[in-house]
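Student: Could you walk me through a structure and explain the words people use for it?
Tutor: Gladly! Take a look first, and then ask away.

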Amino acid sequence: MPILPVHRHTLPAGECSRRVPGKTYPLPRVAEWRERRLLSQQELADAVKMARSTIARLEVGEPARPSTVRKLAAALSVEPAALMRPAA
């Protein structure tokens with residue numbers, strides 16, 4: 001039987017739902033940009049294929065993974081840094 005390579009982010013069996021720890025970023029302006037684009041939380045969630053509850057958590061300060069930051073920035077037509085700047 002061939003030996004399969006072990007990747008750095010491979011989780012042990014039974015732990016597939018756990019996230020791999022990594023760098024995350026707060027998005028203090030995601031709600032502001034969502035509202036500027038006249039989108040509801042659900043509309044933004046649908047656009048980035050996430051749950052509305054995830055958008056709500058991000059809007060109250062839960063940090064986001066880089067892939068999430070990029071998806072939200074693309075959906076809102078802004079640079080990722082615009083979502084991460086401190087709220088005015």
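Student: In which helix is Gln41 found?
Tutor: Gln41 sits in helix H2. A helix here is a DSSP run of H or I with at least four residues, numbered from the N terminus. Keep in mind that this is a predicted model, where local features need pLDDT of at least 70, side-chain atom pairs count only at pLDDT 80 or more, and totals for chains, interfaces and linings use all residues. Residues are numbered from 1 along each chain as its sequence is written, and side-chain values use heavy atoms, leaving out hydrogens and water.

Student: Why is Gln41 called buried?
Tutor: Buried means under 20% relative accessible area, with a 1.4 Å probe and protein chains only. Gln41 has 18% relative accessibility, so Gln41 counts as buried.

Student: Which residues does Gln41 touch, not counting those up to four places away in sequence?
Tutor: Arg34, Arg52, Ile55, Ala56 and Glu59. Contact means heavy atoms within 4.5 Å.

Student: What makes H2 roughly perpendicular to H4?
Tutor: Their axes, lines fitted to C-alpha atoms over the stretch in contact, make angles that run from 0 to 180 degrees between N-to-C directions. The axes of H2 and H4 cross at roughly 115° and come within 9 Å. Angles of 65 to 115 degrees count as roughly perpendicular, and that makes H2 roughly perpendicular to H4.

Student: Which residues make that contact?
Tutor: Leu44, Ala47 and Val48 of H2 meet Lys71, Leu72, Ala75 and Leu76 of H4.

Terms used:
Helix = DSSP H or I, 4+ residues; strand = E, 2+ residues; numbered from the N terminus. Parallel < 35°, antiparallel > 145°, perpendicular 65-115°, else oblique. Buried < 20%, exposed > 50% of the residue type's maximum accessible area, 1.4 Å probe, protein only.
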